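Hello,

Here is the structure I promised to pass on. Please open it first, then read the notes below.

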Amino acid sequence: MERLAATGIRRSGAPRRLDALGAEIGLSTPEIEQVVHFLRLAGLVEAPGPASEGVRLARGPSSITLLEVVRATDGTGLWGRCILGLAECSDQLPCPAHDAWREARALLERHLDSQSLLDLTRVVSRRRRSREPGALAWR
């Protein structure tokens, strides 16, 4: 999503080919197709033609929250399961970390909901320009 946002900022509305996008972030074409499928279902990306020819953001990066991206790609994933890996964990049958994880998860969700894809794109762009130690790497 960050790479799509960066492309959209440089070349307004320009789609990215899936093979090129996958190569840039280190995913095979089938892997990137699967991610894009979930992003399309969530209404976050669109394909102006056949998806193999390219995709772009469905909305501006300032109107897409990081929480939307996480939910689209992870579903309930980490959010919906026990942090300790127990098969059953609920308010009625909590694990030892249940209350702390519920609070941490709520805090993380609020934070991700307050941050946009544009915010992430700006951070990544600064790190790429600086090439400082610890700069964001995709792999």
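I start with the charged side chains. Glu2, Arg3, Arg16 and Glu24 are joined in a network of salt bridges. Please keep in mind that this is a predicted model.

**The salt-bridge network**

Two of the pairs come with distances. Arg3 bridges to Glu2, and their closest N and O atoms are 2.7 Å apart. Glu24 bridges to Arg16, with 2.6 Å between the closest N and O atoms.

How are these residues placed, buried or exposed? Arg3 and Glu2 are both buried. Arg16 is buried as well, at a relative accessible area of 11%. Glu24 is partly exposed, at 29%. Its value is above the 20% under which a residue counts as buried.

In general, side chains of opposite charge can pair when their charged atoms come close.

The structure holds 9 salt bridges. One of them pairs the side chains of Arg102 and Asp99, at 3.2 Å from N to O. Both residues belong to helix H5, which spans residues 98–114. They sit 3 residues apart, about one turn of the helix. An α-helix has 3.6 residues a turn, so residues three or four places apart point the same way. Arg102 is partly exposed, with a relative accessible area of 33%. Asp99 is also partly exposed, at 44%.

**The chain as a whole**

The protein chain has 6 helices and 2 strands. Read from the N terminus, the order is α-α-α-β-β-α-α-α. The chain has 139 residues, and 30% of them count as buried. About 8,600 Å² is exposed, with 53% of that supplied by carbon and sulfur atoms. Take the contacts between residues at least 6 apart in sequence: 55% of them join residues at least 24 apart.

**H1 against H6**

Helix H1 covers residues 2–10, and helix H6 covers residues 117–130. Their axes come within 9 Å and cross at roughly 85°. That angle falls between 65 and 115 degrees, so H1 and H6 are roughly perpendicular to each other. On the H1 side, the contact is made by Glu2, Arg3, Ala5, Ala6 and Ile9. On the H6 side, Leu117, Leu118, Leu120, Thr121, Val124 and Arg128 take part. By class, this contact of H1 with H6 has 7 nonpolar, 1 polar and 3 charged residues. Glu2 and Arg3 thus appear in two places: they belong to the salt-bridge network and to the contact with H6.

H1 also holds Thr7. Thr7 is buried, with a relative accessible area of 0%. Which residues does Thr7 contact, leaving aside neighbours within four places in sequence? They are Ala14 and Arg16. Arg16 is the residue that bridges to Glu24. Thr7 and Leu57 are 50 residues apart in sequence, yet their C-alpha atoms are 9.5 Å apart in space.

**H2 against H3**

Helix H2 (residues 18–25) packs on H3 at an angle of about 105°, with the axes 9 Å apart. That makes H2 roughly perpendicular to H3. From H2, the contact uses Leu18, Asp19, Leu21, Gly22 and Ile25. From H3, it uses Thr29, Ile32, Glu33 and Val36. The residues of this contact divide into 5 nonpolar, 2 polar and 2 charged.

**H4 and its two ends**

Thr65 lies in the loop between strand E2 (56–57) and helix H4 (66–74). At 15% relative accessibility, Thr65 counts as buried, because the cut-off is 20%. What does Thr65 touch, not counting residues up to four places away in sequence? The list is Leu112, Asp113, Gln115 and Ser116.

Within H4, Leu66, Leu67, Val69 and Ala72 are buried. The buried residues of H4 pack against helix H3 (29–41), H5 and H6. After H4 comes Gly75, with a positive phi near 55°.

**Where to look first**

I suggest starting your viewing at the network of Glu2, Arg3, Arg16 and Glu24. Then go to the contact of H1 with H6, where the axes cross at roughly 85°. Finish at H4, whose buried residues pack against H3, H5 and H6.

Best regards

Terms used:
Residues are numbered from 1 along each chain as its sequence is written. This is a predicted model: local features need pLDDT of at least 70, side-chain atom pairs count only at pLDDT 80 or more; totals for chains, interfaces and linings use all residues. Side-chain values use heavy atoms; hydrogens and water are left out. Axes are lines fitted to C-alpha atoms, for helices over the stretch in contact, and angles run from 0 to 180 degrees between N-to-C directions. Helices (H or I, at least four residues) and strands (E, at least two) are DSSP runs, numbered from the N terminus. Angles under 35 degrees count as roughly parallel, over 145 as roughly antiparallel, 65 to 115 as roughly perpendicular and the rest as oblique. Contact means heavy atoms within 4.5 Å. Ala, Val, Leu, Ile, Met, Phe, Trp, Tyr, Cys and Pro count as nonpolar, Asp, Glu, Lys and Arg as charged, and the others, Gly among them, as polar. Buried means under 20% relative accessible area, exposed over 50%, partly exposed in between (1.4 Å probe, protein chains only). A salt bridge is a side-chain nitrogen of Lys or Arg within 4 Å of a carboxyl oxygen of Asp or Glu. Accessible areas come from the Shrake-Rupley method with a 1.4 Å probe; for residues, only the protein chains shown count as cover.
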